[in-house]
Amino acid sequence: MLAYTYLGEGRSALIDKPMPQILGPKDAIVRVTLGCICTSDLHILRGSVPRAVPGVTLGHEMVGVVERTGEAVRGVKPGDRVAVNVETFCGECFFCRHGYVNNCTDPDGGWALGCRIDGGQAEYVRVPHADQGLTVIPDGVSDEQALFVGDILATGWWAARISEITEEDAVLIIGAGPTGICTLLSVMLRRPARIIVCEKDSQRADFVRRHYPSVLVTGPEECVDFVRGHSFHGGADVVLEVAGSDDTFRLAWECARPNAVVTVVALYDGPQVLPLPQMYGKNLTFKTGGVDGCDCAEILHMIAAGQLDTTPLITHRFPLNRIGEAYRIFANRLDGVVKVAVTPDL
Ligand SMILES: [Zn+2]
Ligand SMILES: [Zn+2]
């Protein structure tokens, strides 16, 4: 089968690989019906994810149909349409039992797919811990509607969940890329009094204005003043930093009011500075990534109920055999791209 493979820093190729096999009783083999390219894939290609294993098939955003299951799998069966979770987790260790599935201590726990084990930019994928890693897609929810449930929408949902948002709050979201938009949609469901999005890219800012007219949009240069002028207590009550640019970590805590929650969702390419003397007395609470992706069933329920719709994010569609071109467009943000859906050719 065809599999888009990471070959080491800066190198990748679509190569022929053997079909994945069931390796353990909790595994499932999923025929990928729709996949996607994530910014995290670009981070791997740039060499900024040290645990990524050269030779691994990329891709951790996909939906598909269960082909085969190991003998201990109970939650899904062959023929089920499923959303694949970016995180595979055992469901039993200390971290899993507390909902901290990102830090599952199992060897295949956390973000393994498309990083440490073969992922889903391929025709088939093996999913360990299938009972936790796969969620059945309700009838009436399409592949495109479910495509982001296991990763970027799970991330936005988790970020909104841990950020202690109330209906009195002014919430600032920094970054309106795909994960930023998923975060925005999840924050909107919590109905804070005001939502401000900071985005420097004019196409992305326009995307927010066009699709979500109740949201205020500002740019990074004027962001601090804008947030002070449009929040209720001299700064945002909650800040979610989803941009991961050189200066957005600083912007996040600068825009926060004293005693605010600052949730850092972004995956940075380099270390960030935490200037404690300057922020002394501001009494901030920082929460950091990555996602505990264990709410997929609830998210799919919200999609089925018409409360969440991420399909506007899919701006481009490519077959798997042209995935290199899809990467070029996505990595260089050409042609107004937000997300590229990839269909395996069978
Ligand atoms: Zn991702
Ligand atoms: Zn675990």
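Which residues of α5 are buried? They are I152, L153, A154, T155, G156, W157, W158, A159 and A160. The model is predicted. Its features described here are the surroundings of helix α5 and a parallel sheet of 6 strands, with the helices that pack on that sheet or link its strands.

**Helix α5**
- Helix α5 spans residues 152–162, and 9 of its 11 residues are buried, so the helix is largely enclosed by the rest of the structure.
- Two helices, α6 (178–188) and α11 (296–304), pack against the buried residues of α5.
- Two strands, β13 (236–241) and β14 (256–264), also pack against these buried residues.
- Just after α5, the residue E164 has a positive phi of about 55°.

**The sheet**
- The sheet is open, with its 6 strands in the order β12-β11-β10-β13-β14-β15 and parallel pairing.
- Its edge strands, each pairing on one side only, are β12 (216–218) and β15 (285–288).
- From one strand to the next, the twist averages 20°.
- Strands of a sheet pair through backbone hydrogen bonds, in either a parallel or an antiparallel sense.

**Strand pairs**
- The parallel pairing of β14 with β15 runs over 4 bridges, and V261 is placed opposite T285 in β15.
- Between β10 and β11 there are 5 bridges, again in the parallel sense, and V171 is opposite I195 in β11.
- Strands β11 and β12 are joined in the parallel sense by 3 bridges, with C198 opposite T218 in β12.
- Strand β11 is mostly covered, as 4 of its 5 residues are buried.

**Crossovers**
- From β10 the chain passes through α6 to reach β11, in a right-handed β-α-β crossover.
- Helix α6 is also one of the elements against which the buried residues of α5 pack.
- A right-handed β-α-β unit is also made by β11, helix α7 (residues 202–211) and β12.

**Helices on the sheet**
- Helix α8 (residues 223–230) packs on the sheet and touches β10 (170–174), β11 (194–198), β12 and β13.
- The direction of α8 makes about 175° with that of β11.
- Helix α9 (residues 248–255) lies across β10, β13 and β14.
- The angle at which α9 runs to β14 is about 145°.
- Strands β13 and β14 therefore have contacts on record with both α9 and the buried residues of α5, 9 of which make that helix largely enclosed.

Key: Residues numbered from 1 in each chain as written. Chains lettered and ligands numbered in written order. Predicted model: local features only at pLDDT ≥ 70, side-chain atom pairs only at ≥ 80, totals over all residues. Buried ≥ 20, exposed ≤ 12 C-beta atoms within 10 Å, placed from the backbone. Contact = placed C-beta atoms within 7 Å. Pairing = 2+ DSSP bridges. Axes fitted to C-alpha atoms, helices over the stretch in contact; angles between N-to-C directions. Right-handed = clockwise from strand over helix to strand, strands pointing away.
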